[in-house]
Amino acid sequence: MIAMGFPLDDIPPAERFAAWRALCELTPIPMELRSDHEHDFRATVRGGVPLGELTLTHTSVPSLRNERTAAHIRRSDPELYHLRLTLRGETDVRHGDAETTLGARQFTLTSTSVPYLAVCERGRVDGMTLAVRPSLLPFPAADLHRLLGRRLSGQSGIGGMLADFLTRLLADSDRYRPADAPRLGTVAVDLLHALLAHELDAGAEARAERRLTPESRRRALLLRVQEFARQNLHHPGLTPASIAATHHISLRYLYRLFEEQGHTVSAWIRAQRLERCRRDLADPALGDTPIHAIAARWGFRHAADFSRAFRSAYGVPPRDFRQVALRTNR
């Protein structure tokens with residue numbers, strides 16, 4: 001997949017803001033732009049990352065004031081929702097019924113059909129925007145309106161999973177093939193569904209969950225289960241039975257979720273634990289930590305079982321792997 005960049009460094013400083021404004025005029029979302037740095041506007045946009053029916057864009061700007069009024073909306077409205085993730089800096093937002101300040105690792109949902117004001121004047125702001133058609137969101141418009149302009153956490157839980165996914169997706173966009181785009185878009189939509197449902201109140205959340213397709217519900221549940229397992233890999237008592245009980249599902253249903261991905265629950269947990277061990281064995285800061293202690297830290301009770309599993313997964317015993325990795329990382 002190709003992400004198109006628009007650096008301004010090759011444009012004379014006095015003309016950069018005009019170039020940025022001209023770029024924005026090419027979009028179907030007109031707005032009024034102002035900046036304290038119009039004389040030397042150092043901004044970049046990296047956009048056009050296709051994700052099936054979604055598009056992901058990254059921007060980095062100095063001070064900037066974006067205002068989309070009712071007049072702008074009457075002039076042109078593509079009727080899109082935008083999920084904005086702030087990566088660095090702070091932005092004051094007034095949208096819908098909310099006024100808030102967004103900081104790093106915080107989302108906000110906006111609609112191109114509702115007046116919008118965003119002001120960043122306390123330093124550079126980096127962020128990503130995911131454009132979504134309303135038909136992809138199985139929630140009543142009134143429920144979504146309640147979320148417009150609000151802070152939605154991207155630091156932990158489902159929001160953290162979505163933030164990590166989008167950040168990695170943009171960073172590695174040149175590594176994906178065009179055929180990957182619809183699949184990645186499906187993951188993004190499922191995580192977005194789960195985030196929005198989580199943010200709505202309990203009654204609205206239950207109604208929203210019922211509107212999700214069975215496939216979306218299964219994928220969202222699988223992602224929640226996997227995140228829970230990752231957070232508890234260190235616990236020797238992490239088993240398929242304990243996972244199923246925590247998520248109030250049957251053991252048979254849990255097995256089916258993982259079978260649809262081509263592996264068993266136990267094999268997936270073992271692979272995750274081995275990967276954490278591999279990472280720690282290659283860490284110079286842990287060079288004096290015994291191998292059996294690292295294995296125990298990630299849930300392997302018996303050193304011999306760990307050694308066999310590690311060699312089967314990576315082709316070398318853990319001791320040999322550590323020796324080579326530590327020499328390489330010095």
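**Entry 1: two phenylalanines.** I began with Phe-17 and Phe-41 and found that both are buried. I note here that the model is predicted. Phe-41 has a relative accessibility of 0% and therefore counts as buried, the limit being under 20%.

**Entry 2: partners of Phe-41.** I looked up the aromatic pairs and obtained a count of 7. In one of them, Phe-17 and Phe-41 meet edge-to-face, at 5.0 Å centre to centre and with 80° between the planes. This pair links distant parts of the chain, since Phe-17 belongs to helix 1 (residues 16-25) and Phe-41 to the loop between strand 2 (32-34) and strand 3 (44-51), 24 residues apart.

I then turned to Trp-20, which also forms an edge-to-face pair with Phe-41; here I noted 5.5 Å centre to centre and 65° between the planes. Trp-20 lies in helix 1, 21 residues apart from Phe-41 in its loop, and this pair too links distant parts of the chain. With a relative accessible area of 5%, Trp-20 is buried.

**Entry 3: an aromatic cluster.** I recorded one aromatic cluster formed by Phe-300, Phe-306, Phe-310, Tyr-314 and Phe-321.

**Entry 4: the second largest pocket.** I looked up its volume, which is about 660 Å³. Which residues lie nearest the centre of this pocket? They are Phe-165, Val-187, Leu-223, Gln-226 and Arg-230, out of 20 lining residues. Helix 4 (157-171), helix 5 (180-199) and helix 7 (214-231) are the elements that each give two or more residues to this lining. I sorted the lining of the second largest pocket by class and noted 6 nonpolar, 7 polar and 7 charged residues.

Key: Residues are numbered from 1 along each chain as its sequence is written. This is a predicted model: local features need pLDDT of at least 70, side-chain atom pairs count only at pLDDT 80 or more; totals for chains, interfaces and linings use all residues. Side-chain values use heavy atoms; hydrogens and water are left out. On a 1 Å grid over the protein atoms alone, a cavity is a set of points where a 1.4 Å probe fits but cannot get out, and a pocket is an open set with protein on both sides within 12 Å along at least five of seven lines; lining residues have an atom within 4 Å of a point. Grid points are joined across faces, edges and corners, and a volume is the space filled by probe spheres set on the points. Helices (H or I, at least four residues) and strands (E, at least two) are DSSP runs, numbered from the N terminus. Ala, Val, Leu, Ile, Met, Phe, Trp, Tyr, Cys and Pro count as nonpolar, Asp, Glu, Lys and Arg as charged, and the others, Gly among them, as polar. Rings of Phe, Tyr and Trp (its six-membered ring) pair if their centres lie within 6.5 Å; planes under 30 degrees apart count as stacked, over 60 as edge-to-face and the rest as tilted. Buried means under 20% relative accessible area, exposed over 50%, partly exposed in between (1.4 Å probe, protein chains only).
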